[in-house]
Structure formats: C-alpha cells, structure tokens
Amino acid sequence: MALRHAVLAALLDGEYSGYQLAKAFDVGVANFWHALPQQLYAELTRLEKEGLVAGRQVVQETRPNKRLFTVTDAGLAELEQFAAAASKPSFVRDDLLVKVQAADRIGTGPVIEQLEERAAVAEGKIELFGKLLRQMRGAADEDEFLRHGRRIGPYLTCLRGLAFEKDNRDWCRRIAAVLRERQSDRAALT
C-alpha cells in the first residue's frame, strides 16, 4: 500500500484541508498507516496533479486561505483498483522485539521499563479507540451499527486498532513480568 491509497481512503469521509487530513490521520488512520503532516501535504499535491483529488481554494477573512480536497471519480477508480489487487502479508518490524530477543544476554532492567512504557501507551490508545468507536456508532449498539451503519470502514479499522493495542498491552505486561521474575530469581541465586 502506498500513502496515496491511505489519503484517498481518508478523503472518502468528506472534504478536508491538509490540516484536517493530518488530524484525521492522527485519530483514525494512524492505527494502520503513519504519516507526517509534511508527507500528507506533499501527497495531496501529487494526487491533485494526477487528477485523483480535486482541490478548491477557500478565502477566509481572518485567517490565511485554505485548500479543501475531495476524491475525484479517477481517485475512486484508483481505490477500487487498489482494493481489487492482492494484499501483501503484513509483518512486524519492532526494535523492542530485538531487545527482548537479546534479553538473555543483556541487562533486562531497561527492557522491562520499555515494555511497561509500551503497555501504558497501548492502554491510552485503547481508551482512545473505545471513545472513537462509541462516537462513530452513536446510540446504536455495535451489532446494529455493523449491520445498518452508513459508513463502517473507519469503524472496522478502528476495531482492528483496538484489538492490536489490547494484544500489544497484554503481551508487554506478560513479558515484563516474565523478565522481572527471571531477574529476581537470578538475584536470589547470587
């Protein structure tokens, strides 16, 4: 997947400025695709040149003018073509896992600390995803929303983010506990 597809998918929810798109990425898209605001602005420029998004200037009296972007028919066709293509398997690339891999041969104190920090960050994201899911479905319960909701794509990706962060939190807590126990067992032997 390229950033272009994530941007096109995010723009399906409406007309966004580059700033609004960056905020939308921070909240919803970041659970499966990370991009810096500068990358988003550059991608919007490329997509507009290619005719995949249309931009329009909005004149503001008390603020600088802004450009709003929407997906064009060509952009929607690009997304449809992308959706039809086979997806590559995902993989994990995480420096914390390298540290855990080496835990038998290195001091584990800093690794335990980083695992606990990662678990705390995951807990914060779990709370955020829960809030987002409740906002998206409104008064509907989840089953009702999934059957009859107007746009469920963002909800489904948020569910994936929630599951990922719960698993990440639980794994980090477990591994920190294992390493802490091994550390105290070694200390008892010396």
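A salt bridge, as the term is used here, is a side-chain nitrogen of Lys or Arg within 4 Å of a carboxyl oxygen of Asp or Glu. By that criterion, a search of the whole structure, which is a predicted model, finds 13 salt bridges.

One of these pairs lies towards the start of the chain, where glutamate 50 forms a salt bridge with arginine 4 and the closest N and O atoms are 2.4 Å apart. Arginine 4 belongs to helix α1 (residues 3-11), whereas glutamate 50 sits in the loop between α3 (37-49) and β2 (53-58), so the bridge ties together parts that are 46 residues apart in sequence. The two partners can also be described by their accessibility: glutamate 50, with a relative accessible area of 45%, is partly exposed, while arginine 4, with a relative accessible area of 16%, is buried, because buried is taken to mean under 20%.

Helix α1 appears again when one turns to the nonpolar interior. The largest nonpolar core has 19 residues, and those touching the most other members are Val7, Leu11, Leu21, Phe25 and Leu40. Two or more residues of this core are given by each of α1, α2 (18-27) and α3, and the largest share, six residues, comes from α1. A second core, separate from this one, is made of eleven residues, among them Val111, Ala119, Cys172 and Ile175.

Further salt bridges join helices α6 and α8. In one, the side chains of arginine 173 and glutamate 123 meet at 3.3 Å, N to O; arginine 173 lies in helix α8 (residues 153-189) and glutamate 123 in helix α6, so this pair ties together parts that are 50 residues apart in sequence. Arginine 173 counts as partly exposed at 46% relative accessibility, and glutamate 123 likewise counts as partly exposed, at 24%. In another, lysine 125 forms a salt bridge with glutamate 165, with the closest N and O atoms 3.6 Å apart. Here lysine 125 is the α6 residue and glutamate 165 the α8 residue, so the parts tied together are 40 residues apart in sequence. Lysine 125 is partly exposed, with a relative accessible area of 37%, but glutamate 165, at 6% relative accessibility, counts as buried. The bridge between arginine 173 and glutamate 123 also has a wider setting, in that Glu123, Arg169, Asp170 and Arg173 are linked in a network of salt bridges.

Two individual residues, one within α6 and one in the loop before it, complete the picture. Leucine 133 lies in helix α6, which spans residues 109-137, and at 4% relative accessibility leucine 133 counts as buried. When neighbours within four places in sequence are left aside, leucine 133 is in contact with Tyr155, Cys158, Leu159 and Leu162. By way of comparison, leucine 133 and histidine 34 are 99 residues apart in sequence and 20 Å apart in space, C-alpha to C-alpha. Threonine 108 is placed in the loop between α5 (95-101) and α6. At 6% relative accessibility, threonine 108 counts as buried, and, not counting residues up to four places away in sequence, threonine 108 touches Ala103, Leu179 and Gln183.

How values were computed
Residues numbered from 1 in each chain as written. Predicted model: local features only at pLDDT ≥ 70, side-chain atom pairs only at ≥ 80, totals over all residues. Heavy atoms only, no water. Helix = DSSP H or I, 4+ residues; strand = E, 2+ residues; numbered from the N terminus. Buried < 20%, exposed > 50% of the residue type's maximum accessible area, 1.4 Å probe, protein only. Contact = heavy atoms within 4.5 Å. Core = buried A, V, L, I, M, F, W, Y, C linked by side-chain atoms within 4.5 Å.
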